[in-house]
Amino acid sequence: MKILWTCAGLTALALGAIGILLPLLPTVPFLILAAFCFARSSERLHDWLLTHPTFGPPIEDWNQHGAIRPAAKRLATLSIAAAFGISLFLGVKTTVLIIQAVVLSLVLLFIWSRPGS
């Protein structure tokens with residue numbers, strides 16, 4: 001079972017790392033998921049992730065305070081706006097746009113309701 005948790009953690013970590021470069025992919029949720037998976041599979045990987053200079057601080061902010069850094073909030077907002085803009089540009093059906101607008105608005109509400117670090 002540990003191998004499955006490790007594979008899931010490595011996958012989440014890879015997606016989080018890609019999210020640093022690709023603004024439409026959220027980084028922090030994937031890092032939190034990776035930490036969760038590594039906590040169940042590999043103490044060494046878990047400790048590495050939490051002490052990593054880039055990946056560790058956002059995870060610690062979330063674990064200790066449920067906080068999301070203001071820069072991450074702004075980037076998430078821009079990413080969400082870009083994703084919705086792309087849907088508009090591609091002429092996605094109105095029903096899908098409405099569903100997307102509601103879901104993305106709720107995501108933004110959650111993000112902006114979290115304390116900053």
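Read from the N terminus, the elements of the chain follow the order α-α-α-α-α-α. In this predicted model, the secondary structure thus comprises six helices and zero strands.

The overall dimensions give a frame for these elements. Along its principal axes, the C-alpha trace spans about 45 × 30 × 20 Å. The chain has 117 residues, of which 31% count as buried. Its exposed surface amounts to about 7,400 Å², and carbon and sulfur atoms supply 73% of that area.

The contacts can next be considered by separation along the sequence. Among those in the chain that link residues at least 6 apart, 60% join residues at least 24 apart.

One pair of helices may be examined in detail. Helix 2 covers residues 28–39 and helix 4 covers residues 56–65; their axes come within 9 Å and cross at roughly 80°. Crossing angles of 65 to 115 degrees count as roughly perpendicular, and helix 2 and helix 4 are therefore roughly perpendicular to each other. On the side of helix 2, the contact is formed by Val-28, Leu-31, Ile-32 and Ala-35; helix 4 contributes Pro-58, Ile-59 and Trp-62. What is the chemical character of the residues in this contact of helix 2 with helix 4? Seven are nonpolar, while no polar and no charged residues take part. The crossing of helix 2 and helix 4 at roughly 80° is thus accompanied by a contact made up of nonpolar residues.

Key
Residues numbered from 1 in each chain as written. Predicted model: local features only at pLDDT ≥ 70, side-chain atom pairs only at ≥ 80, totals over all residues. Heavy atoms only, no water. Axes fitted to C-alpha atoms, helices over the stretch in contact; angles between N-to-C directions. Helix = DSSP H or I, 4+ residues; strand = E, 2+ residues; numbered from the N terminus. Parallel < 35°, antiparallel > 145°, perpendicular 65-115°, else oblique. Contact = heavy atoms within 4.5 Å. Nonpolar A, V, L, I, M, F, W, Y, C, P; charged D, E, K, R; others polar. Buried < 20%, exposed > 50% of the residue type's maximum accessible area, 1.4 Å probe, protein only. Areas by Shrake-Rupley, 256 points an atom, 1.4 Å probe, with all protein chains shown as cover.
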